[in-house]
Amino acid sequence: MNNKIMKSGLAAMMAASLVGCSSASSDNSNNVLTVGITAQMNGVFSPLYYESAYDAYAINLIYQSMLQYDENEELQPVLAKELPTISDDGKTVTFKLNKGVKFSDGSKLTSSDVKYTFTVLADPSYTGRFSSDVENIEGYKEYHDGDATELSGIETPDDYTVVFHMTQPRIDAVTTFGTRAICSDTQYKYKKGHISKIEKDTSNPIGSGAYKLNKYSKATGASFVRNENFKAKKGEYSIDKVIIKVCSTSTELNELQKGNVDYLPENADPTKIGQVSLDDNLTFNTYPRATEGYVYFNCAQGPTADPAVRKALAYATDRQGFVDSFFSWEKASKEAKKEKLAFVPAVYANPASANLGTYIRGEEALDGLETYEFNEDKANQILDEAGWEMADDGYRYKDGQKLSIRFMIAEGSSSLETLIPMIEKTYKDIGVDLKQTILEFNSLLSKTSDDSALGEWEMSCLAMSFTGVANTDLNSMLKTGDVNNYARLSDSELDSLLDEAMYTTDEAKSTELYKQVMIKENDLLPYLALYGNQNFNLYNKRVKNMKTGPIHNWSQAMDTATLD
């Protein structure tokens, strides 16, 4: 699936503090790019297993895919010689690979490596989140569930040709297969059903990209040096070394101003953006971000298993008030103030969607889509009708159960410092007792992903970065049992709609079906979209030619970047 969705803390794109600033110092060389981030990297530098946006930065530097989106949201060949060919029935996709590409260990990259990468995703012992990318490949069930010794639906007629055969056409097949980073089939001795070493050894990446991992520390970050086996085109990849440095929200701007970091990516904090815009040594670039901050509800257990409670909480959340309060300019240049900082999305979905983005961003109304504008009276009415009765203590009860909502959040989020006092008041107004649990970001992610911990929370929040323009991300976020379905929603009618929308070559049909999916999603309301925002990259003026875009971040734009 074109769904390399990457998770971060709710305000990570607003420079949320998740850890303290590292004590690592920048390299003295002038040809080193130091990038500041506000959360620890997990060190899962594997395209097969990563989850966080911060680990994805490393993967983008180290690995390559057959295709990649550029800054203009157009697919470009990377490992592939050209865009793939597609059969008339839409069930066969053929890629031709470039010759002469090597991994950082010196081994050649061939079609065998491509088949290996997708075979691991189909392995019966695979525990990562990308298995849905291969379920439609011929022979998947026989390989995953049966005794087949190979994934028959991927052919490699020669070293530089890869043919994917699908059981049925899929609307996003080209991006699903094309944008998957390719791993070396010689790094490990792969054996079906025994991939624990591949899963555990994710901090020793071997890729074919321009850089290779030099050092990694969870506390301080990571550094990357040139891959001597990478053949760069003339004028490309001129930067010798990249450092990703862990910083805190409170000091990251000071680090940039002092020159300890060169680049703060994907920021949306108006105060920091404003200060950068007024600093003669610093600058920024900006564009709409393919990200949404959102609340997800526990649909499996507790009060929020009741859709009425989820809807009441949505109506009692003043999202526009939050956006207006948090995303507001203080001191900033005239150029910066021309930019609209943020908006309230109509639905939780990819705001960069090529054909549904205007509906998702709320720029165009979609008939039948409930968008939950702030309305405490409506929230009270819904709870009354659902049997949650207001007691003398000011809280609601049903069958002896108090309407308590445990909100599990990441530490140090500046946006939540604005949001939580707002919802504490409005939730109390409608008889809801809101309780907070604060965790380190990676612990939060682990806890809310653990089915055995479902009894410990009702709400949580994340920001999600989408890496493509397709609508099929909705399938992984909403499909029953998918590992990316953090809300644990299960609805057979919605599942059928999702399948019908994905498994077709008819783009118009798929688009209309995904409209129905979004309407159904907001009716069931497993997720409440909080904000979408304009992205700002803040950086020292010595950084030049970093051609970023909504789905093409700094770690994918190193080919053109230079340093003065």
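How many bridges join β13 to β21, and do the two strands run parallel or antiparallel? In this predicted model, the count is 12 bridges, and the strands run antiparallel. One of the residue pairs to look for is Val295, which stands opposite Leu528 in β21. Strand β13 also has a second partner: seven bridges join it to β20, a strand made of residues 459-465, and here too the run is antiparallel. On that side, Phe297 has Met459 of β20 as its bridge partner. Strand β13 itself covers residues 282-297 and is mostly tucked away, with 13 of its 16 residues buried.

Another sheet is worth tracing by eye. This one is open and has four strands in the order β5-β6-β8-β7, paired in antiparallel fashion. The edge places go to β5 (85-86) and β7, and each of these has a single partner strand, so one side of each is left without a neighbour in the sheet. Further in, β6 (residues 92-96) is joined to β8 by five bridges, again antiparallel. Val93 is part of this pairing, and its bridge partner in β8 is Phe164. A helix comes into the picture as well: α2 packs on the sheet and touches β7 and β8, with its direction at about 170° to that of β7.

Helix α2 runs over residues 111-122, and its 12 residues reach 17 Å from the first C-alpha to the last, close to the 16 Å expected at 1.5 Å a residue. How much of α2 is covered? Mostly it is: 11 of the 12 residues are buried. The buried set includes Val114, Tyr116, Phe118, Val120 and Leu121, along with Asp113 and Lys115. As for what does the covering, the buried residues of α2 pack against the strands β7 (154-158) and β8 (161-165), and also against the helices α3 (140-144), α4 (173-178) and α5 (196-200).

Helix α1, made of residues 53-62, tells a similar tale of cover, as nine of its 10 residues are buried. Among them are Tyr54, Tyr57, Ile59, Leu61 and Ile62. Ala53 lies in this helix too, and it counts as buried because its relative accessible area is 5%, where the cut-off for buried is under 20%. Looking across the model from there, the C-alpha atom of Ala53 is separated by 28 Å from that of Lys337, a residue 284 places away along the chain.

Now for the rings. A pair of aromatic rings is described by the distance of the centres and the angle of the planes. The count for this model comes to 28 aromatic pairs. In one of them, Tyr54 and Phe441 meet edge-to-face, with 6.5 Å from centre to centre and 90° between the planes. This pair links distant parts of the chain, since Tyr54 sits in helix α1 while Phe441 belongs to helix α14 (residues 441-449), 387 residues apart. Are these two residues buried or exposed? Both Tyr54 and Phe441 are buried.

Why does the pair of Phe322 and Phe327 count as edge-to-face? The ring centres are 6.3 Å apart and the planes stand at 80°, so the pair falls in that class, for which the angle has to be over 60 degrees. Phe322 counts as buried because its relative accessibility is 0%. Phe327 is buried as well, with a relative accessible area of 7%. Elsewhere, Tyr294, Tyr296, Tyr348, Trp457, Phe466, Tyr486 and Tyr527 come together as one aromatic cluster.

The backbone has a couple of oddities to spot. Most residues other than glycine have a negative phi. Tyr237, however, has a positive phi of about 50° although it is not a glycine. Where is Tyr237 found? Look in the loop between β10 (221-226) and β11 (241-246). Leu525 is another such case, with a positive phi of about 55°. Its place is the loop between α17 (507-524) and β21 (527-540). Leu525 counts as buried because its relative accessibility is 1%.

Finally, there is a database record to set beside the model. UniProt, in an unreviewed entry, lists residues 74-465 as "domain: Solute-binding protein family". In the model, this span is 26% helix and 23% strand, and its end C-alpha atoms lie 17 Å apart.

Methods:
Residues are numbered from 1 along each chain as its sequence is written. This is a predicted model: local features need pLDDT of at least 70, side-chain atom pairs count only at pLDDT 80 or more; totals for chains, interfaces and linings use all residues. Side-chain values use heavy atoms; hydrogens and water are left out. UniProt positions are given in the numbering used here, feature names are shortened, and annotations may be inferred rather than shown by experiment. Buried means under 20% relative accessible area, exposed over 50%, partly exposed in between (1.4 Å probe, protein chains only). The expected span of a helix is 1.5 Å times one less than its number of residues. Contact means heavy atoms within 4.5 Å. Two strands pair if DSSP finds at least two bridges between them. Axes are lines fitted to C-alpha atoms, for helices over the stretch in contact, and angles run from 0 to 180 degrees between N-to-C directions. Rings of Phe, Tyr and Trp (its six-membered ring) pair if their centres lie within 6.5 Å; planes under 30 degrees apart count as stacked, over 60 as edge-to-face and the rest as tilted.
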